[in-house]
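Here are a few worked exercises to try with the model open in your viewer. Have a go at each task before reading its solution.

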Amino acid sequence: MKLNVYHDNWALDEAVCPCDIHFMRWVRASGLKGGSIFHFGTGGHHLVGIECAAPDLDNAVYGITASPQEYDDYVRLLIDNPRIGRQYKAFFGDIYQLDARMLPAFDVVTLFHLCEFRNETNDLYDGLTDLEVAELLVDRLKPGGHILFYTGSFAFETAKPKIAELALSRGLQRLPDHESLWVFEKA
Ligand SMILES: C[S@@+](CC[C@H](N)C(=O)[O-])C[C@H]1O[C@@H](n2cnc3c(N)ncnc32)[C@H](O)[C@@H]1O
């Protein structure tokens, strides 16, 4: 049995997958500064962590990647840019193995890739379901915090009923969309 690893090293390409770029525009438009963000899927470009660490934003990002290559790029990024390491922590792992005891309270959670990667491999080691991951992370959101989903995800149609269930059970209020992103606020 092996971990359900992501075998690619995802490069930034706005034409193919603009969610992280749209997210950074949302961060700036919403005025979030000095906040804490959980980010699902760093990519090898690490855009969200890098841009949030800039002094004008100073947002702390906890990003997860299931790609050994993306994680290697993070290690190199920090060695070459030590200032980024204070605000940006990326970790290698499977999001379906999140443990609430290790997570602080967040101002923002991104779940852009909900339902994209979970498969029967995760069942072999009792991984959480997509809904359980989403519930766990909403429960770590501060009151008034935001959770965002990506409507351009190839799994968005699968994710939609789970998002609806989550919104109902956790009292999430839908705010106006931001570009390709659905935005919800926790009561
Ligand atoms: C298509 S890439 C998108 C990266 C970035 N969000 C973007 O849009 O440019 C998917 C990302 O999800 C991460 N990922 C895939 N499966 C995962 C899992 N089970 N747990 C955590 N991260 C995972 C990959 O490592 C990768 O960073």
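**Exercise 1: a loop residue and its partners**

A155 sits in the loop that runs between β5 and α7. Keep in mind that this is a predicted model. Task: work out whether A155 is buried, partly exposed or exposed, and find which residues A155 touches beyond four places in sequence.

Solution.
- Step 1: count the neighbours. A155 has 16 other C-beta atoms within 10 Å.
- Step 2: apply the cut-offs. Buried takes 20 or more and exposed takes 12 or fewer, so with its 16, A155 comes out as partly exposed.
- Step 3: list the contacts. Leaving out residues up to four places away in sequence, A155 touches L114, C115 and E116.
- Step 4: check one of these pairs in space. A155 and C115 are 40 residues apart in sequence, and their C-alpha atoms are 5.7 Å apart.

**Exercise 2: two helices crossing**

Task: describe how α6 and α7 pass each other, and say which residues meet there.

Solution.
- Step 1: get the geometry. Helix α6 spans residues 130–139 and helix α7 spans residues 156–170; their axes come within 10 Å and cross at roughly 35°.
- Step 2: get the hand. The crossing of α6 past α7 is right-handed.
- Step 3: list the residues. From α6 come D130, L131, A134, E135 and V138, and these meet K162, E165, L166 and R170 of α7.
- Step 4: sort that contact by class. It holds four nonpolar and five charged residues, with no polar ones.
- Step 5: follow R170, a residue of helix α7. Setting aside residues up to four places away in sequence, R170 touches E135, V138 and K186. R170 counts as partly exposed because 16 other C-beta atoms lie within 10 Å. For a long-range check, try D72: its C-alpha atom is 36 Å from that of R170, with the two positions 98 residues apart along the chain.

**Exercise 3: the nonpolar core**

Task: find which residues of the largest nonpolar core touch the most other members, and which strand gives the core its largest share.

Solution.
- Step 1: pick the best-connected members. Among 41 residues, V109, L111, L137, I147 and F149 touch the most other members.
- Step 2: look up the supplier. Strand β5 (residues 141–150) gives the largest share of this core, with five residues.
- Step 3: trace one member. Ignoring neighbours within four places in sequence, L137 is in contact with F38, V109 and L111.

**Exercise 4: around the ligand**

Task: say which residues come nearest to the ligand and how the shell divides by class.

Solution.
- Step 1: there are 21 residues around the ligand, and G41, G43, A66, I95 and F117 come nearest.
- Step 2: α1 (19–30) and β2 (60–65) each supply at least two residues of that shell.
- Step 3: the shell divides into 11 nonpolar, seven polar and three charged residues.

**Exercise 5: positive phi in loops**

Task: locate D58 and E179 and decide how exposed each one is.

Solution.
- Step 1: D58 has a phi near 50°, which is positive in a residue other than glycine. D58 lies in the loop between α2 (47–52) and β2, and with 14 other C-beta atoms within 10 Å, D58 is partly exposed.
- Step 2: for E179, phi is also near 50°, again in a non-glycine residue. E179 is in the loop between β6 (172–178) and β7 (181–186); its 15 other C-beta atoms within 10 Å make E179 partly exposed.

How values were computed
Residues numbered from 1 in each chain as written. Predicted model: local features only at pLDDT ≥ 70, side-chain atom pairs only at ≥ 80, totals over all residues. Axes fitted to C-alpha atoms, helices over the stretch in contact; angles between N-to-C directions. Helix = DSSP H or I, 4+ residues; strand = E, 2+ residues; numbered from the N terminus. Left-handed = near helix turned anticlockwise from the far one by under 90°. Contact = placed C-beta atoms within 7 Å. Nonpolar A, V, L, I, M, F, W, Y, C, P; charged D, E, K, R; others polar. Core = buried A, V, L, I, M, F, W, Y, C linked by C-beta atoms within 7 Å. Near = placed C-beta within 6 Å.
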